[in-house]
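Morning, everyone. I have one structure to go through today, and I'll take it in three parts. Please have the sequence and the model open.

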Amino acid sequence: MDRCTGRNRDTLFKYVLDNLESYVMKHYDDTELQKDIAALRELSKKDKEANTEGVVEIPNGDGSKDEIVKGVCENVKWQMKQDRKSTELKQLQGHIFKEAYKNGGVSAELFEDVAPVLRQLFDEGLQLYVFSSGSVEAQKLFFAHTSDGDLTDVFSGYYDTTVGGKTESSSYKTITTEIGNEPDEILFLTDTPEEASAAVEAGIRSTLVIRPGNEDLTDEHLQNFSCIERFDELFGDEDDEEDLKRFHGEGDGECDDDDDDEPEEEEEEQDEENAEDA
């Protein structure tokens with residue numbers, strides 16, 4: 001689900017593609033799925049009106065079951081191919097994940113450094129939040145079924161794109177207001193520079209997380225943001241006064257690129273409130 005914390009994002013999405021048609025057929029008459037279809041249909045109409053290239057329309061409710069199922073499947077596959085983050089798509093994906101987790105079809109495989117650090121931060125009294133393009137329901141399912149056990153208890157709250165897009169600064173302002181902290185008391189972790197920029201525009205400090213398989217960062221990205229490759233790099237050295245300052249948000253927030261293209265650990269930050277990208 002999340003490229004900062006988990007290894008098997010592609011596995012989860014492949015599961016959706018492989019089981020999409022059977023899921024829609026099986027649950028076609030369920031109220032939950034009918035709401036998902038109605039939302040996707042409305043989105044497809046808006047895409048059509050906006051002349052969105054390649055949009056796949058979903059027949060109205062008076063169409064046959066086979067026609068509607070085909071339209072839903074083609075629309076979802078089209079959105080996933082475009083890597084869209086629409087709330088409507090993520091809602092249906094979350095419901096498919098729910099069945100997958102329940103049946104043991106998938107599990108959330110975390111990077112080895114994630115669970116220990118999340119638990120340590122929680123034990124030290126820091127508040128952790130998730131802001132993901134995946135639905136809140138999908139986020140909770142993801143962290144309830146990880147390779148390191150149920151981690152839902154470490155989080156104080158979850159946010160999805162119902163608060164706005166992840167590249168929109170207004171989304172981060174909304175979250176800041178809701179959690180009741182000053183923007184500069186929050187550190188946002190993400191693997192996407194555009195999201196980091198939106199958070200910074202809202203007054204929130206942001207650190208880029210470099211994980212295997214993610215898109216390469218440019219020299220500009222490495223210079224503009226602090227960068228880490230593992231969550232445990234957030235702590236620095238407890239005997240180093242400069243590291244302690246950065247832990248409490250007193251660093252300059254930049255990451256210099258060295259000869260090996262590795263971000264220097266000296267520029268990493270952590271503070272008393274954390275919003276994690278999921």
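When I say two residues are in contact, I mean that they have heavy atoms within 4.5 Å of each other. One caution before the details: this is a predicted model.

I'll start with a single residue, Glu 99. Glu 99 sits in helix H4, which covers residues 87-103. Is Glu 99 buried or exposed? The cut-off for buried is under 20% relative accessible area. Glu 99 has 18%, so Glu 99 counts as buried. As for what surrounds it, if we set aside neighbours within four places in sequence, Glu 99 is in contact with Tyr 23, Lys 26 and His 27. With His 27 there is also a polar contact, side chain to side chain, at 2.6 Å.

Next, the nonpolar cores. The largest one has 52 residues, and the members that touch the most other members are Val 72, Leu 92 and Phe 231. Which helix gives this core its largest share? That is helix H1, residues 9-26, with seven residues. Take Val 72 as an example. Not counting residues up to four places away in sequence, Val 72 touches Val 24, Ile 37, Leu 40, Ile 58 and Leu 92. There is also a second core, separate from that one, with 13 residues; among them are Tyr 159, Tyr 172, Ile 179 and Ala 199.

Last part, the strands. I'll centre this on S4, residues 205-209. How many of the residues in S4 are buried? Five of five, so to speak of the strand as mostly covered is fair by the under 20% cut-off. The cover is on both faces: Arg 205, Thr 207 and Val 209 are buried on one side, and Ser 206 and Leu 208 are buried on the other.

S4 pairs with strand S3, residues 186-190, through four bridges, and the two run parallel. In that pairing, Thr 190 stands opposite Leu 208. To get from S3 to S4 the chain passes through helix H8, residues 193-201, in a right-handed β-α-β crossover.

S4 is also joined to strand S5, residues 226-228, by three bridges, again in parallel. Here Val 209 is the residue opposite Ile 228. The chain goes from S4 to S5 by way of helix H9, residues 219-224, and this β-α-β crossover is right-handed.

That's what I have. Questions, please.

Definitions and conventions
Residues numbered from 1 in each chain as written. Predicted model: local features only at pLDDT ≥ 70, side-chain atom pairs only at ≥ 80, totals over all residues. Heavy atoms only, no water. Core = buried A, V, L, I, M, F, W, Y, C linked by side-chain atoms within 4.5 Å. Buried < 20%, exposed > 50% of the residue type's maximum accessible area, 1.4 Å probe, protein only. Pairing = 2+ DSSP bridges. Right-handed = clockwise from strand over helix to strand, strands pointing away. Polar contact = N/O pair within 3.5 Å; in protein donor to acceptor, adjacent residues only side chain to side chain.
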